[in-house]
Amino acid sequence: MAYPIFSAGLLVCEIITPDRFSGCHPLDVTFTNTTFNATPGRWEWDFGDGRQSSAQTPPVHPFFNDTKSNVTYNVHLLAINDVNECQDDTTIQITVNANP
(Lines give C-alpha, C1' and ligand atoms only; values in the text may rest on other atoms or scores of the structure.)
Protein backbone atom coordinates (compact mmCIF):
# COMPACT_ATOMS: atom_id res chain seq x y z
CA MET A 1 0.00 0.00 0.00
CA ALA A 2 1.40 3.41 -0.96
CA TYR A 3 0.95 6.50 1.15
CA PRO A 4 0.68 9.54 -1.13
CA ILE A 5 1.18 12.92 0.46
CA PHE A 6 0.06 15.89 -1.63
CA SER A 7 0.93 19.41 -0.55
CA ALA A 8 -0.82 22.15 -2.47
CA GLY A 9 1.61 24.80 -3.59
CA LEU A 10 4.69 22.97 -2.32
CA LEU A 11 5.35 21.19 -5.62
CA VAL A 12 6.55 18.06 -3.85
CA CYS A 13 4.57 14.84 -3.70
CA GLU A 14 5.96 12.09 -1.57
CA ILE A 15 5.07 8.43 -1.89
CA ILE A 16 6.96 5.76 0.03
CA THR A 17 6.06 2.11 -0.06
CA PRO A 18 7.61 -0.56 2.15
CA ASP A 19 7.55 -4.14 0.89
CA ARG A 20 6.04 -5.12 4.27
CA PHE A 21 4.57 -3.33 7.26
CA SER A 22 5.12 -6.05 9.86
CA GLY A 23 6.84 -9.35 10.50
CA CYS A 24 9.12 -11.32 12.76
CA HIS A 25 12.55 -10.35 14.11
CA PRO A 26 14.79 -9.55 12.33
CA LEU A 27 12.58 -7.79 9.79
CA ASP A 28 14.30 -6.63 6.60
CA VAL A 29 12.26 -3.95 4.82
CA THR A 30 12.83 -2.58 1.33
CA PHE A 31 11.45 0.92 0.81
CA THR A 32 10.44 2.30 -2.58
CA ASN A 33 10.57 6.09 -2.78
CA THR A 34 8.63 7.57 -5.69
CA THR A 35 8.74 11.16 -4.50
CA PHE A 36 8.37 13.52 -7.43
CA ASN A 37 9.08 17.21 -7.90
CA ALA A 38 11.91 16.95 -5.37
CA THR A 39 14.74 16.55 -7.89
CA PRO A 40 17.33 17.86 -7.65
CA GLY A 41 16.79 17.37 -4.00
CA ARG A 42 17.60 15.93 -0.64
CA TRP A 43 16.05 13.08 1.25
CA GLU A 44 16.25 12.68 5.00
CA TRP A 45 15.15 9.27 6.27
CA ASP A 46 14.76 8.54 9.97
CA PHE A 47 13.99 4.89 10.63
CA GLY A 48 12.89 5.42 14.23
CA ASP A 49 15.66 3.20 15.56
CA GLY A 50 18.45 5.76 15.78
CA ARG A 51 19.61 5.24 12.20
CA GLN A 52 19.20 7.66 9.30
CA SER A 53 19.92 7.78 5.57
CA SER A 54 20.22 10.53 3.00
CA ALA A 55 19.80 8.19 0.02
CA GLN A 56 16.88 8.81 -2.32
CA THR A 57 16.01 5.14 -1.95
CA PRO A 58 17.82 3.55 0.99
CA PRO A 59 19.15 -0.01 0.95
CA VAL A 60 17.25 -2.77 2.73
CA HIS A 61 16.77 -1.70 6.33
CA PRO A 62 16.71 -4.24 9.18
CA PHE A 63 14.41 -3.73 12.15
CA PHE A 64 14.95 -5.67 15.38
CA ASN A 65 12.93 -6.78 18.39
CA ASP A 66 14.41 -8.82 21.24
CA THR A 67 11.40 -8.31 23.51
CA LYS A 68 8.24 -10.23 24.35
CA SER A 69 6.05 -7.38 23.03
CA ASN A 70 5.51 -6.00 19.54
CA VAL A 71 7.72 -3.01 18.72
CA THR A 72 6.52 -0.31 16.31
CA TYR A 73 8.97 1.99 14.54
CA ASN A 74 7.93 5.32 13.05
CA VAL A 75 9.74 5.71 9.73
CA HIS A 76 9.91 9.33 8.62
CA LEU A 77 10.96 10.73 5.24
CA LEU A 78 11.52 14.41 4.53
CA ALA A 79 11.93 15.34 0.84
CA ILE A 80 13.34 18.75 -0.06
CA ASN A 81 13.46 20.32 -3.52
CA ASP A 82 16.84 22.10 -3.77
CA VAL A 83 15.64 24.52 -6.44
CA ASN A 84 12.93 26.26 -4.43
CA GLU A 85 13.37 24.68 -0.97
CA CYS A 86 9.83 23.30 -1.06
CA GLN A 87 9.48 20.25 1.11
CA ASP A 88 7.10 17.55 2.23
CA ASP A 89 7.28 14.77 4.75
CA THR A 90 5.45 11.63 5.77
CA THR A 91 5.65 8.99 8.45
CA ILE A 92 4.68 5.33 8.26
CA GLN A 93 4.81 2.59 10.87
CA ILE A 94 6.71 -0.70 10.75
CA THR A 95 5.93 -3.30 13.43
CA VAL A 96 8.28 -6.09 14.47
CA ASN A 97 6.35 -8.86 16.19
CA ALA A 98 7.24 -10.13 19.66
CA ASN A 99 9.63 -13.03 20.02
CA PRO A 100 7.93 -16.22 21.19
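Arg51 sits at 30% relative accessibility, so it counts as partly exposed. Keep in mind that this is a predicted model. Which residue does Arg51 meet in a salt bridge? Asp49, with N to O at 2.5 Å. Asp49 has 24% relative accessibility, so it is partly exposed as well. The cut-off for buried is under 20%, which means that Asp49 at 24% does not make it.

How many salt bridges does the structure hold? Two. We have seen Arg51 with Asp49. The other pairs Arg20 with Asp19, and there the closest N and O atoms are 3.2 Å apart. Again, look at the exposure. Arg20 is at 36% relative accessibility, so partly exposed. Asp19 is at 41%, so it falls in the partly exposed class too. As background, side chains of opposite charge can pair when their charged atoms come close.

Next, Ser53. Its place is in strand E7, residues 52-53. Buried or exposed? Ser53 counts as buried, because its relative accessibility is 19%. The limit is under 20%, so 19% passes. The side chain of Ser53 reaches the backbone nitrogen of Ala55, at 3.1 Å. Now leave aside its neighbours within four places in sequence. Ser53 is then in contact with Trp43, Glu44, Trp45, Phe47 and Pro58. Hold on to Trp45 from that list. It comes back in the core, among the residues with the most contacts there.

Let's step back to the whole chain. Zero helices, 10 strands. From the N terminus on, the elements simply run β-β-β-β-β-β-β-β-β-β. The chain has 100 residues, and 36% of them count as buried. It exposes about 5400 Å², with carbon and sulfur atoms supplying 55% of that. For contacts, take residues at least 6 apart in sequence. Of those contacts, 57% join residues at least 24 apart.

Now the core. The largest nonpolar core has 15 residues. Which residues have the most contacts inside it? Phe31, Trp45, Phe63, Val75 and Ile94. Four strands give two or more residues to this core: E4 (27-29), E6 (41-46), E9 (71-81) and E10 (87-96). E9 gives the most, with four residues.

Phe63 deserves a closer look. Skip residues up to four places away in sequence. Phe63 then touches Pro26, Leu27, Val29, Phe31, Phe47, Asp49, Tyr73, Val75, Ile94 and Val96. Phe31, Val75 and Ile94 are in that list, and those three are also among the residues with the most contacts inside the core. Asp49 is there too. That is the Asp49 of the Arg51 salt bridge.

On to strand pairing. How many bridges join E9 and E10? There are 10, and the pairing is antiparallel. Within it, Leu77 stands opposite Thr90 in E10. The hairpin of E9 and E10 has five residues between the strands. In that hairpin, Glu85 takes a positive phi near 60°.

E10 has another partner. Strand E3, residues 22-23, is joined to E10 by two bridges, and these strands run parallel. Gly23 stands opposite Val96 in E10. Val96 is also one of the residues that Phe63 touches.

One general reminder for anyone with the model open. In a regular strand the side chains alternate between the two faces of the sheet.

To finish, a short recap. Two salt bridges. A core of 15 residues, to which E9 gives the most. And E10, paired antiparallel with E9 and parallel with E3.

Note on methods:
Residues are numbered from 1 along each chain as its sequence is written. This is a predicted model: local features need pLDDT of at least 70, side-chain atom pairs count only at pLDDT 80 or more; totals for chains, interfaces and linings use all residues. Side-chain values use heavy atoms; hydrogens and water are left out. A salt bridge is a side-chain nitrogen of Lys or Arg within 4 Å of a carboxyl oxygen of Asp or Glu. Buried means under 20% relative accessible area, exposed over 50%, partly exposed in between (1.4 Å probe, protein chains only). A polar contact is a pair of N or O atoms within 3.5 Å; within protein, one must be able to donate a hydrogen and the other to accept it, and residues adjacent in sequence count only if both atoms are side-chain atoms. Contact means heavy atoms within 4.5 Å. Accessible areas come from the Shrake-Rupley method with a 1.4 Å probe; for residues, only the protein chains shown count as cover. A nonpolar core is a set of buried Ala, Val, Leu, Ile, Met, Phe, Trp, Tyr and Cys residues joined through side-chain atoms within 4.5 Å. Two strands pair if DSSP finds at least two bridges between them.
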